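Student: I have not looked at this structure before, and I would like to learn how to read it step by step. Could we begin with one chain as a whole and then go on to smaller features?

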Amino acid sequence: MAMASSAGPGELVEMSWDPVTRIVGNLGIHTKIDFANRRVVECKATSSVFRGYSVFMRGKDPRDAHFITSRICGICGDNHATCSVYAQNMAYGIKTPVMAEWIYNLGEAAEYMFDHSLFQDNLVFVDFCERMVRETNPSLWAKAEKTEAKHADIHGFRTIADIMRAFNPFTGEYYKAALEMSRLTREMFCLMEGRHVHPSTLYPGGVGTVATPQVFTDYLSRLLRFADFAKKAIPLNDDVFDFFYEAMPGYEEVGRRRILLGCWGAFQDPEVVDYRYETMSEWGRRMFVTPGIVVDGELVTTDLVEINLGMRILLGNSYYDDWQNGQVFVSHDPLGNPVDPRHPWNQTTIPKPQRRDLEKGPYSWVMSPRWYDERTGEYLALDTGGGPLARLWVTALANLVDTPFVKATGKSVRICLPKTATLPEMEFEWKVPPWSNTIERDRARAYFIGYATAMAFYFVERAMDCIRRGDVRTFQDFEVPDEAIGVGFHEAVRGVLSHHLVIQKGRIANYHPYPPTPWNASPRDVFGTPGPYEDAVQGLPLFEENGPENFKGIDIMRTVRSFDPCLPCGVHMFLGNGKTLRRTHSPLLGQVGEGA
Amino acid sequence: MRKKTLFNLRVGRPHTSPTKPSHVPGVPMGNDPGRYPRTAGMRRTGDGRLLVNARRSTGINARRRNPIDPNSPHLSPP
Amino acid sequence: MANGVEEVSILWISEGMSCDGDTVSMTAASQPSIEEVVLGLVPGIPKVRLYNKVLAYETGEDYLQVFRKAANDEIGPFVLVIEGSIPNEKINGDGYWTSFGNDPETGQPITLNEWIDVLAPKAWAVVAAGTCAAYGGIHAMAGNPTGCMGLADYLGWDFRSRAGIPIVNVPGCPIQPDNFMETLLWLLYQAAGRNPMIPLDDQLRPTWLFGKTVHEGCDRAGYYEQSDFAEDYNSPKCQVKIGCWGPVVNCNVPKRGWMSGIGGCPNVGGICIACTMPGFPDRFMPFMDQPPGAMFSAALGKPYGVLVRALRGLTNRTANKEPKWHHNRDALTSGYDPYAH
């Protein structure tokens, strides 16, 4: 079905993609595009699912929190379960056994290896596959056929076009190999946490996994096979992304936004962590992925207490009643610092379902998390760059991580992977890029797969040390206090994850998880601060060669997917205040395809 | 069913309450401190370590399933 | 067998109140894998076209086309797979709890319930993937704001598809990967005319997958029989006293593992929280509390357990001794006699 006729100069064409596919959860993108100048002028995104965790968790036993919150997400649920266990450990005053922490870390490392690979190779790379590139950038395809891949000797694909052919969904060689790897890595996860995605062996106080030589050699055997794949993946990703910059000069502007990155840290160091709020600044800095915030390229903090106190939840264009005059659960943190009424500890969720109004709002089910920067008084709309970008950027600048496998240098991160079946020991270096854009978000994902793989080797060694000592304790008993608060900081696959917990009368009085997607896709808030998607999509130059008649919006889709949107908690973003000039149907391109 | 609006939603007479599936005091809990001494094959030391032996994994001739060399760690099956 | 069809579409809507965990779990299956089914590598089933938004090539209205055509009966036989709890849209005025695409006339979101109303009666079969779609699941717990439920609560437990098939529930939170693919495979053989009606129990679950309890399939059950229990989570023994509901839960995960025989729940140290059951989660919370009945049966079994362990200990000792005639002396004492009969 043909689109309306081509736009005249200065006219905006409205285009939408709802639902966005190849993401997790429900997301719709509505844009206004200036085809004459080949730019996206405005963009709104809306998600339409509400489930109500923060409502139905109230009154329940706090020990059930991680079982329940795991169900927030069907690809990274274990990240939620782990974060919830961290929050509970703090509330109950637990110091976990060392072996339990290595098992948590091994499980989470397997999750990063699995999820990033599946998302990149089976979801994102379909936007870079032969079929898609032929349909959106035929001249780019022609260049790809003539361009030799720089690292063909490592990954085995001679030209960029060969790589793109291997990305074709269901038939491409790399696509299929990645699906097999996604099962191998999930087996590794199951060895540590029982089952995927919602773990069975995680408890506050530790794990029920039985620590024996068997479980670690089973994990290690699979890790060796995956590491071989990861060592090929990084140079393959570099070849594709460097080609995009070379073949389409200016592509660095696609999805580019101000550098405002947040990372809440991952992988506790069991020698140091005791889950006490009073010492959180110290054990936070000893995590094997450093927590921190980068503003315009400068690292402004690595202190989890400071990060905690700066969190604010603002209501933008969303379907909720405000709680401003509601109950304050926590007036001061355990160190005596005052806690804001708009902090997650003090939030009350009152859903207010209504008709959607895309023009004037409200029109979605999300709130707007922001970080209050005391130095400037700004409410910063932090993003995670899809997860890996923020993790690598903060860890590099913080210059704290120092292990035989992963080392920060102050401007880069060095990742060392040992000898495997087809490749010798190899070292990779992720360097801080000049931009926070679509390509760098995607590139960082490949490097972080290497990072997680490398750290897994370290964790297996440490776990085997415990085995060698006969230290197989995995669980620390505890009692649930009548009154307590806790907070867990962790990195979900896609980025920052926090769980804030308040216990009263021995039951959950308040529970607010903040996964990465509300941060990434947050709307313009009451102060008018734009959200990350607005920065990234608004002003985006179009490189796609199709006109409005058969426009696929591939550069927009690549940008949206670079953030690895994961919407099960509900997302919304509103960008800009345009007038409707012409309403057209969203792109219809040919017949419905075969297979998936 | 008598209906009314409560916080934006139409509600009827409730079949349950939000705290119904919570802990009833007195029911034994897996996290109870002090359960350690009762688990066969596991013993807490004064400094918080956990000593385990073969009885942790078997009820049949456990003593004979311990390592014969005192330098070996005690590693019983899952 | 009735005549079968040559092609079948799978229309998978994960826009219930869902975490998409069942879709993700489906990609973990290897017996068979989803790509083996979609690429036609399994003999004897119709050609399969899969429409699932996590894996789809198309985006937006392109992707939605097949669903709109199905609503107009324009695409031939299809299996409708629903993932996620079904919300109650009668309690929220003008608002909506979930949606999937928009109405081209009004621009307003189309709720999942509207899609179900239109597609379910036209489907060759309807499958509820995961406990949320089957029975309401986590989001339906006490105190929930959305009033959600399972598909059979919404369509009626006596719903029959165009082919006369009841709703097929594949519970699990999430689905065990191969459980789902096996169920799908049965339905595909049935669509091809090679299988009879899929055998479902009174909760609409495939009988060969859910017809036994966790305890009956758990490799820690031997400890239960010997009255040897874990008192905390450091122990490799039976976990009924510390929260495991295995004896009363219908599920095969401890028996078959989670993937390729690896992992599971109580068999690897994770108490069974009954996530396949219609009563999940309320009837089983708080999960770390001892289930009622565990104390009773553990106490009843104690005298038997202590005795049988002692007796087995004696026999085990004998079994651990080699016979006397294995030795290195210069005389054969094995009872060798070529004329023996």
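Tutor: Let us begin with chain C, keeping in mind that this is a predicted model. Among the contacts in chain C with a separation of 6 or more, 71% are between residues 24 or more positions apart.

Student: Which helices and strands does chain C hold, in number, and what share of its residues is buried?

Tutor: Chain C has eleven helices and five strands, and buried residues account for 57% of its 341 residues.

Student: How should I read the overall dimensions of chain C?

Tutor: One way is to set the radius of gyration beside the value for a compact globule: with 341 residues such a globule would be near 20 Å, but chain C has 26 Å. Along the principal axes, the C-alpha atoms of chain C fill a box of roughly 95 × 55 × 35 Å.

Student: How many residues does each side bring to the contact between chain A and chain C?

Tutor: The size of an interface is often given as the accessible area lost when the parts come together, but here we can count residues: chain A brings 76 and chain C brings 74. On the side of chain A, β1 (13-17), α1 (53-56), α2 (65-70) and α9 each supply at least two residues, and the largest share, eight residues, comes from α9(A). That side of chain A divides into 33 nonpolar, 24 polar and 19 charged residues.

Student: Is A:Cys190, in helix α9 of chain A, buried or exposed?

Tutor: A:Cys190 lies in helix α9, residues 173-193 of chain A, and it counts as buried because it has 28 C-beta neighbours inside 10 Å, where 20 or more are needed. Leaving out residues up to four places away in sequence, A:Cys190 touches A:Arg195 and A:His196, and also C:Trp258, C:Met259, C:Ile262 and C:Gly263.

Student: What can I learn about strand β17 of chain A?

Tutor: In a regular strand the side chains alternate between the two faces of the sheet. In strand β17 of chain A, residues 484-492, eight of the nine residues are buried, so the strand is largely enclosed by the rest of the structure. Nine bridges join β17(A) to strand β18, residues 495-504 of chain A, and the two run antiparallel. A hairpin of two residues links β17(A) to β18(A), and A:Val487 stands opposite A:His500 in β18(A).

Conventions:
Residues are numbered from 1 along each chain as its sequence is written. Chains are lettered from A and ligands numbered from 1 in the order in which they are written. This is a predicted model: local features need pLDDT of at least 70, side-chain atom pairs count only at pLDDT 80 or more; totals for chains, interfaces and linings use all residues. Helices (H or I, at least four residues) and strands (E, at least two) are DSSP runs, numbered from the N terminus. A residue is buried if 20 or more other C-beta atoms lie within 10 Å of its own, exposed if 12 or fewer, and partly exposed in between; C-beta atoms are placed from the backbone. Two residues are in contact if their C-beta atoms, placed from the backbone, lie within 7 Å. Ala, Val, Leu, Ile, Met, Phe, Trp, Tyr, Cys and Pro count as nonpolar, Asp, Glu, Lys and Arg as charged, and the others, Gly among them, as polar. Two strands pair if DSSP finds at least two bridges between them. The radius of gyration is taken over C-alpha atoms; the globule rule is 2.2 Å times the number of residues to the power 0.38.
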